[in-house]
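Let's take a walk through this chain together, starting from the fold and working down to a few individual side chains. Have the structure open and turn it as you read.

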Amino acid sequence: MNYILSEYIDSALDRAEYEKLDDGSCSGSIPVCPGVIAFAETLRDCERELRSVLEEWLLLGLKLGHILPVIGGIDLNKDMTHAEVESV
């Protein structure tokens, strides 16, 4: 079975960049996904938060018809007429 959204999310997270901040907390972002950024006290929590932010960003982008970046060879901008997103 092929889970295209899960593959897209996993591929995007593979491109995540993390940074330890001066106060000891962490930040994470996915440069190819504008605005996807997270902050947390630990790296593990930052990874979880970044996944959550990415999922919300992706669902909102699909609902609003935004052009999403092609990641890992996955293009979610292709004919989406049969994959409507009813609510976020």
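Before we talk about what covers what, one bit of vocabulary: two residues are in contact when heavy atoms of theirs lie within 4.5 Å. Keep in mind, too, that you're looking at a predicted model.

Start with the overall layout. The chain has 2 helices and 3 strands, and if you follow the sequence from the beginning, they come in the order α-β-β-β-α. Of its 88 residues, 31% count as buried. The accessible surface adds up to about 6000 Å², and carbon and sulfur atoms account for 51% of that. As for how the chain meets itself, take the contacts with a separation of 6 or more: 37% of them join residues 24 or more positions apart.

Now find helix H1, which spans residues 4-14. Which of its residues are buried? They are Tyr8, Ile9, Ser11, Ala12 and Leu13. Helix H2 is part of what covers them. In an α-helix there are 3.6 residues a turn, so residues three or four places apart point the same way.

Let's zoom in on one member of that buried set, serine 11, which sits in helix H1. Why is serine 11 called buried? Its relative accessible area is 15%, and the label applies to anything under 20%. Leaving out residues up to four places away in sequence, serine 11 touches Ile71 and Gly72.

A second serine worth a look is serine 27, in strand E2 (residues 26-29). With a relative accessibility of 10%, serine 27 is buried as well. Once you set aside neighbours within four places in sequence, its contacts are Glu17, Tyr18, Glu19, Leu21, Ala38, Phe39 and Cys46.

One of those contacts, Glu19, leads us out to the surface. There, Glu19 joins Asp22, Asp23 and Glu41 in a patch of negative charge. Where does glutamate 41 sit along the chain? Look in the loop between strand E3 (37-40) and helix H2 (43-64). Is glutamate 41 buried or exposed? Its relative accessibility is 60%, so glutamate 41 counts as exposed, since the cut-off for that label is over 50%.

So you can trace a path here: from serine 27, buried in its strand, through its contact with Glu19, to the negative patch that Glu19 shares with glutamate 41.

Note on methods. Residues are numbered from 1 along each chain as its sequence is written. This is a predicted model: local features need pLDDT of at least 70, side-chain atom pairs count only at pLDDT 80 or more; totals for chains, interfaces and linings use all residues. Side-chain values use heavy atoms; hydrogens and water are left out. Helices (H or I, at least four residues) and strands (E, at least two) are DSSP runs, numbered from the N terminus. Buried means under 20% relative accessible area, exposed over 50%, partly exposed in between (1.4 Å probe, protein chains only). Patches are made of residues with over 30% relative accessible area and no salt bridge: like charges are joined within 9 Å, nonpolar side chains (Val, Leu, Ile, Met, Phe, Trp, Tyr) within 5 Å. Accessible areas come from the Shrake-Rupley method with a 1.4 Å probe; for residues, only the protein chains shown count as cover. A salt bridge is a side-chain nitrogen of Lys or Arg within 4 Å of a carboxyl oxygen of Asp or Glu. Lys and Arg count as positive and Asp and Glu as negative; His and the chain ends are not counted. The place of a charge is taken as NZ of Lys, CZ of Arg, CG of Asp or CD of Glu.
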